[in-house]
Amino acid sequence: MRGRHLDAYSAYKRVASKDHINAYDREEGSGLVNAKGIGNPSWRRSLPHMLVATLSSFLFGYHLGVVNETLDSISMDLGFSGNPLAKGLVVSTCLGAAFFGSIFSGWILDGVGHRRAFQLCALPMIIGASMSATTKSLWGMLLGRIFVGTGMGIGPPVAAIYVSEISPAFVRGTFGSFTQIATCLGLMGSLFIGLPAKDIVGWWRVCFWVSTVPAAVLAVCMEFCAESPQWLFKRGRGTEAEAEFEKLLGAAHVKFAIAELSKSDRGDELEAVKFSELLYGRHFKMVFIGSTIFALQQLSGINAVFYFSSTVFKSFGVPSDLANICVGIANLSGSVVAMILMDKLGRKVLLLGSFSGMAVAMGLQVTGASSYASGSGALSLSVGGMLLFVLMFSLGAGPVPSLLLSEILPGRIRAKAMSICMAVHWVINFFVGLLFLPLLEQIGPIVLYTIFATFCLLAVIFVKRNVVETKGKSLQEIEIALIPPQ
């Protein structure tokens, strides 16, 4: 066994990293434990820990959508109903705070560990939601949204890394997809809970109070969840790492799991990661790939669709409630299918198919907005194209980037590099949301949707050239294959 891995590692010096990781595909047993000949560990051991972690993703989705149905009621009760700038601030302050939360998430995770990072994600969400639920003024609402946004920024990178590090290799893609499903459920939950807000005075306060329950459950349950063995091993706490591996994988798999961690140990795990290391040198390529995938994900126009889909539906006389439900069902359906296919087809195949399908869907919307379509034809092409776009996004471009980054980033820089990539995500997200409507008015839907389709095609080319398949491989195998020796 040892000789086989040494041979594979030596091969790295003779071939490019992409060729080397393909060499692992030809090994008899790819995965954390198959190579040992004792079978895969039970996925049921790590399942409860993963489900608790995905509560942060549920909260992320819930707070993204909680003001969708309630914003008009909030503005009337707090006295800014005639102020579009104030309404925009209620949404954008949360996104701005999420940007700063995501930047510091890596340093928080490396400093206190995954369990405490989740609790630090839940705490500002509880405080912020409580402030928003009880406020009597716009400023109280904005302060509450800042707290909530900070937690939203911390949650996604911590969840992606935690789930990848506690999951057996053969189901890591499936488990990683649960974060996207939880986000969809959070979005749909906020939609359904917010429906009575138009008819019941003050119902929007209930919508904020409801979110404190899963946040409190996350904070409490994390006390009983496993810490990431990789994080413990990095801190020199090998005995504790073994205990957590036993909890997650079973006693029979502990020695091999620790051996895998030792194999990828380069002797610099306890050294502080400098910001400059992420911007140049041997780690730059991984950070660049991650940041570019997130940038292309947002430049595809997905959040413009999420934010303004009701506007498009309204222009064809479709009620906004029905529009949001249709978009939510398409998003959830695609995420479930992605979960099933993630460990069968692989990450790269799903990304390529997803971005390609999104380009086609944007093409349908361009046709629907052109003079060639009118009446029911324009309705079918525009609405159908939008729903197809969301469906194709949720099949790959939605769930894969966070999972892929948590796999390809080496353990020493994983948390901080992920925080930088997520910060890029939030910056592009903010500007797409800010500029979508002005650009739609100035250059029209045909040109704007064509631009979005072009970015989808660029994403296909980028993924084809730069992304390697990680399906079924342990994190340590991936790290040895991708990161050159010093």
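Which residues are buried in α4? In this predicted model, the buried residues of α4 are Ser56, Ser57, Leu59, Phe60, Gly61, Tyr62, His63 and Gly65. Helix α4 spans residues 55-65 and is mostly covered, since eight of its 11 residues are buried. The cover over these buried residues includes α3 (43-53), α7 (114-134), α8 (138-166), α9 (172-194), α10 (203-221) and α21.

**The nonpolar cores**

Helix α21, which runs over residues 414-466, also contributes to the largest nonpolar core, where its 19 residues make up the largest share. That core has 106 residues, and the members that touch the most other members are Phe118, Met152, Tyr162, Met222, Phe355, Met358 and Phe389. Apart from this core lies another one, of 16 residues, with Leu78, Val90, Ala133 and Leu138 among them.

Phe389 can be followed in more detail: leaving out residues up to four places away in sequence, Phe389 touches Ser300, Gly301, Ile302, Val305, Met358, Ala361, Met362, Gln365 and Cys456. Of these contacts, Cys456 counts as buried, with a relative accessibility of 0%. Another cysteine, Cys94, is buried as well, at a relative accessible area of 3%. The count of disulfides in the structure comes to zero.

**Aromatic pairs**

A pair of aromatic rings is described by the distance of the centres and the angle of the planes. A search of the whole structure finds nine aromatic pairs, and two of the pairs are set out in the table below.

| Pair | Centre to centre | Angle between planes | Arrangement |
|---|---|---|---|
| Trp204 and Phe208 | 6.2 Å | 85° | edge-to-face |
| Phe288 and Phe462 | 6.1 Å | 70° | edge-to-face |

Trp204 and Phe208 both lie in helix α10, where four residues, or about one turn of the helix, separate them, and both of these residues are buried. The pair of Phe288 and Phe462 links distant parts of the chain, because Phe288 belongs to helix α15 (residues 284-299) and Phe462 to helix α21, 174 residues apart. Phe288 is partly exposed, with a relative accessible area of 41%, whereas Phe462 has a relative accessibility of 12% and therefore counts as buried, the cut-off being under 20%. Together with Phe284, the residues Phe288 and Phe462 form one aromatic cluster.

**Two residues and their contacts**

Is Ile446, which has its place in helix α21, buried or partly exposed? Its relative accessible area is 37%, so Ile446 is partly exposed. When residues up to four places away in sequence are not counted, Ile446 touches Val366, Ala369 and Ser370. One of these contacts shows how the fold brings separate stretches of the chain together: Ile446 and Ala369 are 77 residues apart in sequence, but their C-alpha atoms are 6.2 Å apart in space.

Gln230, by contrast, is placed in helix α11 (residues 229-234) and is buried, with a relative accessible area of 10%. With residues up to four places away in sequence again left out, Gln230 touches Glu165, Leu261, Leu475 and Gln476.

Notes
Residues numbered from 1 in each chain as written. Predicted model: local features only at pLDDT ≥ 70, side-chain atom pairs only at ≥ 80, totals over all residues. Heavy atoms only, no water. Core = buried A, V, L, I, M, F, W, Y, C linked by side-chain atoms within 4.5 Å. Buried < 20%, exposed > 50% of the residue type's maximum accessible area, 1.4 Å probe, protein only. Helix = DSSP H or I, 4+ residues; strand = E, 2+ residues; numbered from the N terminus. Contact = heavy atoms within 4.5 Å. Disulfide = S-S within 2.5 Å. Phe/Tyr/Trp six-rings, centres within 6.5 Å; stacked < 30°, edge-to-face > 60°.
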